[in-house]
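This report describes one protein model for a reader who is new to structural analysis. Please keep the sequence and the structure in view while reading.

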Amino acid sequence: MSAFALIIQHKTQPGRREEVRAVWERHMAPAIAANPGHTAYFYCFDNADPDSIYAFQQYASAEASRDFLKTSSYAAYLQEVEPLLVGPPQVTALTPIWSKGG
C-alpha cells in the first residue's frame with residue numbers, strides 16, 4: 001500500500017465561495033478529521049481568483065480515497081454543494097514521493 005494524493009480545484013458560482021466553504025465545513029471537515037485514510041488535507045482559497053478553491057488531499061492509499069467517496073458525508077456534501085459550483089472539479093491524481101509532516 002502506498003500513499004496517494006489529489007489536488008482538486010473547484011470553481012464556484014460568482015461570489016459563492018464563502019457559501020461553498022460553509023457547506024464544506026459542515027460536511028467535510030468533521031468527516032475528514034475522523035477518517036484515518038486521510039493522512040493530510042489542506043483546504044485553500046486561491047489568492048488570485050475569488051471564485052476558486054483548491055484542496056490538497058493525501059491518503060494512505062488509492063483505495064482509501066475511493067472508500068471516502070462512498071461515505072454518507074460525501075454524498076450529503078455533493079448534494080448541497082453542486083448548485084454552488086460552475087461544474088465538476090478539476091482533479092489531478094498524484095503519487096507522493098517526499099513530504100514534510102503529513
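Tyr77 touches His10, Val23, Trp24, His27 and Met28, leaving aside residues up to four places away in sequence; contact means heavy atoms within 4.5 Å. Tyr77 lies in helix α3. Its relative accessibility is 5%, so Tyr77 counts as buried. Here, buried means under 20% relative accessible area, exposed means over 50%, and partly exposed lies in between, with a 1.4 Å probe and protein chains only. The C-alpha atoms of Tyr77 and Glu25 are separated by 9.6 Å, although the two residues are 52 residues apart along the chain.

The model is predicted: local features need pLDDT of at least 70, side-chain atom pairs count only at pLDDT 80 or more, and totals for chains, interfaces and linings use all residues. Residues are numbered from 1 along each chain as its sequence is written, and side-chain values use heavy atoms, with hydrogens and water left out. Helices (H or I, at least four residues) and strands (E, at least two) are DSSP runs, numbered from the N terminus.

**Helix α1 and its surroundings**

Helix α1 consists of 18 residues, residues 17-34. The expected span of a helix is 1.5 Å times one less than its number of residues. For α1 this span is 26 Å, and the end C-alpha atoms are 24 Å apart, which agrees. The helix bends by about 45° at Glu25, where the bend is the angle between axes fitted to the seven residues ending at a residue and the seven starting there.

Arg17, Val20, Val23, Trp24, His27, Met28, Ala31 and Ile32 are the buried residues of α1. The elements that cover them include β2 (38-45), β3 (52-59), α2 (62-68) and α3 (72-81). One general point helps in reading such a list. An α-helix has 3.6 residues a turn, so residues three or four places apart point the same way.

How do α1 and α3 pack, in angle and in distance between axes? The angle is about 175°, and the axes are 9 Å apart. Axes are lines fitted to C-alpha atoms, for helices over the stretch in contact, and angles run from 0 to 180 degrees between N-to-C directions. The two helices, α1 and α3, are therefore roughly antiparallel to each other, a term for angles over 145 degrees; those under 35 count as roughly parallel, 65 to 115 as roughly perpendicular and the rest as oblique. On the α1 side, Val20, Val23, Trp24, Arg26, His27, Met28 and Ala31 take part in the contact. On the α3 side, they meet Ser73, Tyr74, Ala76, Tyr77, Glu80 and Val81.

**Three residues compared**

The table lists Tyr77 again, together with Phe68 and Ser72.

| Residue | Helix | Relative accessibility | C-alpha separation |
|---|---|---|---|
| Tyr77 | α3 | 5%, buried | 9.6 Å to Glu25 |
| Phe68 | α2 | 6%, buried | 8.1 Å to Asn35 |
| Ser72 | α3 | 61%, exposed | 14 Å to Val23 |

Phe68 touches Met28, Ala31, Ile32, Asn35, His38, Tyr59 and Tyr74, not counting residues up to four places away in sequence. Phe68 and Asn35 are 33 residues apart along the chain, whereas Ser72 and Val23 are 49 residues apart.

**The sheet**

The sheet is open and is formed by 4 strands in the order β2-β3-β1-β4, with antiparallel pairing. Two strands pair if DSSP finds at least two bridges between them. Strands β2 and β4 (90-94) stand at the edges and each has a single partner strand, so one side of each is left without a neighbour in the sheet. From one strand to the next, the twist averages 10°. Helix α1 packs on this sheet and touches β2 and β3, and its direction makes about 170° with that of β2.

A hairpin joins β2 to β3 through 6 residues, and 7 bridges join these antiparallel strands. Within this pairing, Phe45 has Ile53 of β3 as its bridge partner.

Strand β1 (residues 4-11) has 6 of its 8 residues buried, so it is largely enclosed by the rest of the structure. It pairs with β3 over 8 bridges and with β4 over 5 bridges, both in the antiparallel sense. Ile7 has Phe56 as its bridge partner in β3 and Thr92 as its bridge partner in β4.
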